[in-house]
Amino acid sequence: MKDTKQQWFKDAKFGLFIHWGLYSILAGEYKGKKTDRIAEWIMNHLDIPAEEYEKLAAQFNPIEFDAEKIVKKAKEWGMHYIVFTSKHHEGFAMYHSKCSKYNVVDATPFRRDILKELQLACEKYEMKLGLYYSQAQDWHDPDGFMYGKDNSHKDYQAYLDRKVMPQLREILTDYGEIALIWFDTPMDTTMEQSQAMIDLVKSIQPNCIISGRIGNQMGEYMTTGDNFIPRLPYEGDWELPATLNDTWGFNKHDHNWKNPDDIIRLLLKINSRGGNYLLNIGPDSLGRVPEGSIKVLDTVGKYVQENAEAIFGTKRVEIYAYELEWAQFTRKDYKLFVHMLEPKVRIELLNVGNHVKRAYLVKDGAELPCKVMTVCEGDSMIEVELPEYLQNQKNYCVCIETEEKDPIFESIKG
Ligand code: JFZ
């Protein structure tokens, strides 16, 4: 069972993933050819030679980038951490690296250290900052792995020594407190190599969490695939990274935005199973966050903000409640939170001996009439009457509070 030992991660529930790099310039299309896959993989999918691809750096000038604006938005959306791509598979560092000139300060007309700006904004607004770092795949370094290609002639260890270890040292030394390193696609990384990276991270920042994809099952929490909810209950710390459309990096042709209702449902489904939802935005080559994602996140964020008490810092709820369609559950202390995802006239939940104190609407604290009724099997039923104006609404949350001696999780069988 994975355990990050970091309370902030267990409490966070909702975070912002940012995929940003040179691929945002191509935006899903190279020399008139569109990629039909995730846009940050365009170099690999369309076989763009490294000497060609690296010329993009000379065009990278995201003058609209505003770190504070993004961090403030994340805060507004009720998110508690940000994970930013310090270096993706393309090999380009989005910070001022001293050991590779292929970075945003030395190789672009922009010349600003994007990571530094993000760090300062995160510190200002008290936002945890984690960094994605592609340790195994590096399509720019001759010895970095490239998925789906012949890697047999490569000296992976030489690349680790030359680039990965020094760059990890940089991002962990020069950018304040780093909450986690989001390693990815370990490919043929050996156990010893994974361990060496973990040791380096921990030697500089002992509290920095190692993500699930360091390789060899050695990460400190479990990461699922894009939008994939584990089918079995998972007791340990885990996170679900997810796109808002069908790409991580910006793709100008992708307007397939998910529906806010579905995102809210997924967030609560993840939270009720004890996981964190790491939701992605892909800024464009000017540093703008696509309007489509802002629109969805504004709606989702409203729910998260209004019901922060029922999301942030809550605990997982047992398996038997999972299959209900009209609600998802979270809990905290002696409070059971019923997230209402479909219109209902009243809430009825089987009760196993809980003493219900009261029920209230989470967003404004309004008391709701609530009673416990005995049913023939000896169990009882908790019934919350909903006022008329709520009966045709969805996406609101009701709290049922019980006596402190009661095990709250037992009250949701039904
Ligand atoms: C990886 C990257 O290749 C991708 O570009 C993006 O950064 C994403 C967050 O992570 O893609 C993966 C890696 C592993 C799985 C899915 C997507 N997985 O294990 O299901």
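A polar contact is a pair of N or O atoms within 3.5 Å; within protein, one atom must be able to donate a hydrogen and the other to accept it, and residues adjacent in sequence count only if both atoms are side-chain atoms. One such pair joins the side chain of Q205 to the backbone nitrogen of I178, at 3.0 Å. The structure is a predicted model, in which local features need pLDDT of at least 70, side-chain atom pairs count only at pLDDT 80 or more, and totals for chains, interfaces and linings use all residues. Residues are numbered from 1 along each chain as its sequence is written, and side-chain values use heavy atoms, with hydrogens and water left out.

**Ligand site**

- The residues around the ligand (a heavy atom within 4 Å of it) are F17, H19, E40, W41, H88, H89, Y132, D184, T185, R213, G225 and W248.
- This shell divides into 4 nonpolar, 5 polar and 3 charged residues; Ala, Val, Leu, Ile, Met, Phe, Trp, Tyr, Cys and Pro count as nonpolar, Asp, Glu, Lys and Arg as charged, and the others, Gly among them, as polar.
- A side-chain N or O atom of E40 lies 2.5 Å from a ligand oxygen, while for H88 the separation between a polar side-chain atom and a ligand oxygen is 2.8 Å.
- The side chain of H89 likewise places an N or O atom 2.8 Å from an oxygen of the ligand.
- The ligand taken alone exposes 450 Å², of which the protein buries 72%; these areas come from the Shrake-Rupley method with a 1.4 Å probe.

**Helices α9 and α10**

- Helices (H or I, at least four residues) and strands (E, at least two) are DSSP runs, numbered from the N terminus.
- The 13 residues of helix α9 (260–272) should span 18 Å at 1.5 Å a residue, and its end C-alpha atoms are 18 Å apart, which agrees; the expected span is 1.5 Å times one less than the number of residues.
- At the start of α9, a side-chain oxygen of N259 comes within 2.7 Å of the backbone nitrogen of D261, and the helix is followed by G274, with a positive phi near 85°.
- The buried residues of α9 (under 20% relative accessible area; exposed is over 50%, partly exposed in between, with a 1.4 Å probe and protein chains only) are I263, I264, R265, L266, L267, L268, I270, N271 and S272.
- Their cover includes β1 (14–18), β9 (238–242), β10 (275–281), α10 (291–306), β11 (327–332) and β12 (335–340), where contact means heavy atoms within 4.5 Å.
- For the 16 residues of α10 the expected span at 1.5 Å a residue is 22 Å, in agreement with end C-alpha atoms 22 Å apart.
- Buried in α10 are G292, S293, I294, V296, L297, V300, G301, Y303 and V304, and among the elements covering them are α5 (67–76), α9 and β18 (396–402).

**Individual residues**

- Q205 lies in the loop between α8 (191–204) and β7 (209–210) and counts as buried, at 11% relative accessibility.
- Leaving aside neighbours within four places in sequence, Q205 is in contact with L172, G176, E177 and I178.
- E52 belongs to helix α4 (50–53), counts as partly exposed at 30% relative accessibility, and touches Y30 and K31, not counting residues up to four places away in sequence.
- K31, in the loop between β2 (29–30) and β3 (33–34), is exposed at 69% relative accessible area and has a positive phi near 45°, although not a glycine.
- D333, in the loop between β11 and β12, is also a residue other than glycine with a positive phi, of about 50°, and is exposed at 63% relative accessibility.
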